[in-house]
Amino acid sequence: MIKLIAETAWHHEGDYDFMQQLVEKICTDSSAHIIKLHITLDLNEYMDTHHEAYTTLLPWIFSEEQWKKLIGLIRFHGKELMLLLNDSSAIRFAAQFQPEVVELHSVCLNVPNLQKELIDHTDPKTKVAIGVGGCTLQEVDAAVQVFSSRETILMFGFQNYPTRYENVNLAKIRKIQALYNDKNFGYADHTGWNEPNNELITLLVAANGMNYVEKHVSTAYGVERCDSSAAISVDMLNMLASKIKVLDRLQGTGSLALNEGERSYSQYGPMKMAAVAARELEKDTVLTEGTIRFCRTRYKSRLSQLDIIESFGRRIRHNLPAGHVIQHEDFE
């Protein structure tokens, strides 16, 4: 089953009422399974004061109490919780809520103290998502090794405000999946909100063995705000969710045994060629390739083509007319 993640990121721009309404809207009106919050409590650990975004982000930091209310809202509505944690304080704070998934963003994927905090303070059953978008294979492998004792999700996709689909590099994603075939995979799509193929791009990548699909969601669709470049509306998210359900059914169970539909298709005789007597066969005739022929017929046979081949050398137990469909009981 593919789980759909509604990403809120910094779309709130420090406006708590806006964020609360966004989370409420996603909880009540969307088919998202998981709601993702970015929590930063110590901006000075996350970012140097000289970074050009520092003065913008500083007044956008929510308090612990505000995050508690938002998380309480998500839990009240029965949605799963995914927390992207940007600093040590945020990791320790988040641990008390036992989120289903915690994430280390690709920007801090191999920062030792954050990795250690995450391992030490989050429940061992909590899944760890590692953002591998824009990372080298060496960086991915190092992070995978650090979290080898945890259930890990490799989250592909990167925010390039927005990301052009030509840069998604699906062929590379498949190669990385083959290297870590015991892991779960997710795709955080950052296609532009106004890209005509937005939904198609998401679905095509999701069809490549993704267990999670993440989309930025907005209640101010098309309005320029932080993280709005790839944000879709709740209605668009719901349309995507309905198609992901179709994709889920397409994926099937992976069982190599024939399912009901395949068994119905595979009937020997009406559908697949069955073996019939090539001519009148007398009792004790030894079955050979020359004594039968394969053709489609209205009569069913319980013997597959391989069953017949394996029966070459056996004797016929009674006379058979030409065209008779060979069955088990025709052999000694």
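**Exercise 1. Contacts and overall form**

Task: Among contacts in the protein chain between residues at least 6 apart in sequence, find what percentage join residues at least 24 apart. Then describe the extent of the chain.

Solution:
- Step 1. In this predicted model, 71% of the contacts between residues at least 6 apart in sequence link residues at least 24 apart.
- Step 2. Count the elements: the protein chain has twelve helices and eleven strands.
- Step 3. Look at the extent. Along the principal axes, the C-alpha atoms fill a box of roughly 95 × 40 × 40 Å.
- Step 4. Set the radius of gyration beside the globule rule. The protein chain has 29 Å, whereas a compact globule of 332 residues would have a value near 20 Å.
- Step 5. Turn to burial: 46% of the 332 residues count as buried.

**Exercise 2. The nonpolar cores**

Task: Work out which residues touch the most other members of the largest nonpolar core, and which helix gives the most to this core.

Solution:
- Step 1. Start from a general tendency: in soluble globular proteins, nonpolar side chains tend to be buried together.
- Step 2. The largest nonpolar core holds 64 residues, and those that touch the most other members are Leu37, Ile39, Leu85, Ile130, Leu154 and Phe156.
- Step 3. Helix H1, residues 16–29, gives the most to this core, with seven residues.
- Step 4. A second core, separate from this one, has eleven residues, among them Ala277, Leu281, Leu287 and Phe331.
- Step 5. Return to Ile130 and set aside its neighbours within four places in sequence. Its contacts are then Leu104, Leu109, Ala143, Val144, Phe147, Thr152, Ile153, Leu154 and Met155.

**Exercise 3. One helix and its partners**

Task: Identify the buried residues of helix H9 (residues 198–206) and what they pack against.

Solution:
- Step 1. In H9, Asn198, Ile201, Thr202, Leu203, Val205 and Ala206 are buried.
- Step 2. Follow these buried residues to their partners. They pack against H8, S7 and S8, as well as strand S9 (231–232) and helix H10 (234–251).

**Exercise 4. Pockets and a cavity**

Task: Give the volume of the largest pocket, then that of the second largest pocket, and finish with the largest cavity.

Solution:
- Step 1. Recall the idea behind the search: rolling a probe the size of a water molecule over the atoms shows where empty space is left.
- Step 2. The volume of the largest pocket is about 670 Å³. Of the 31 residues that line this pocket, Tyr46, His105, Val107, Gln159 and Tyr161 lie nearest its centre.
- Step 3. Strand S2 (34–39), strand S6 (152–156) and strand S8 (212–217) are the elements that give two or more residues to the lining of the largest pocket. By type, this lining has 16 nonpolar, ten polar and five charged residues.
- Step 4. The second largest pocket holds about 180 Å³ of space. It is lined by 18 residues, and Gly133, Gly134, Phe158, Val168 and Ile173 are the closest to its centre.
- Step 5. At least two residues of the second lining come from each of helix H8 (170–179) and strand S7 (184–189). Nine residues of this lining are nonpolar, seven polar and two charged.
- Step 6. The structure has one cavity of 30 Å³ or more, and the largest cavity has a volume of about 30 Å³. Ala95, Gln98, Pro99, Val102, Thr122, Asp123 and Thr126 form its lining, with three nonpolar, three polar and one charged.

**Exercise 5. Three loop residues**

Task: Are alanine 9, aspartate 284 and tyrosine 299 buried, partly exposed or exposed?

Solution:
- Step 1. Alanine 9 sits in the loop between strand S1 (3–7) and H1. Its relative accessible area is 0%, so alanine 9 is buried.
- Step 2. Aspartate 284 lies in the loop between strand S10 (274–277) and S11. Aspartate 284 counts as partly exposed because its relative accessibility is 36%.
- Step 3. Tyrosine 299 is in the loop between strand S11 (292–295) and helix H12 (305–310). With 51% relative accessibility, against a cut-off of over 50%, tyrosine 299 counts as exposed.
- Step 4. Beyond its neighbours within four places in sequence, tyrosine 299 is in contact with Tyr268, Gly269, Pro270 and Val325. The C-alpha atoms of tyrosine 299 and leucine 237 are 50 Å apart.
- Step 5. Now check phi. Most residues other than glycine have a negative phi. Alanine 9 has a positive phi, near 50 degrees, and aspartate 284 has a positive phi near 80 degrees.

Terms used:
Residues are numbered from 1 along each chain as its sequence is written. This is a predicted model: local features need pLDDT of at least 70, side-chain atom pairs count only at pLDDT 80 or more; totals for chains, interfaces and linings use all residues. Side-chain values use heavy atoms; hydrogens and water are left out. A nonpolar core is a set of buried Ala, Val, Leu, Ile, Met, Phe, Trp, Tyr and Cys residues joined through side-chain atoms within 4.5 Å. Buried means under 20% relative accessible area, exposed over 50%, partly exposed in between (1.4 Å probe, protein chains only). Helices (H or I, at least four residues) and strands (E, at least two) are DSSP runs, numbered from the N terminus. Contact means heavy atoms within 4.5 Å. On a 1 Å grid over the protein atoms alone, a cavity is a set of points where a 1.4 Å probe fits but cannot get out, and a pocket is an open set with protein on both sides within 12 Å along at least five of seven lines; lining residues have an atom within 4 Å of a point. Grid points are joined across faces, edges and corners, and a volume is the space filled by probe spheres set on the points. Ala, Val, Leu, Ile, Met, Phe, Trp, Tyr, Cys and Pro count as nonpolar, Asp, Glu, Lys and Arg as charged, and the others, Gly among them, as polar. The radius of gyration is taken over C-alpha atoms; the globule rule is 2.2 Å times the number of residues to the power 0.38.
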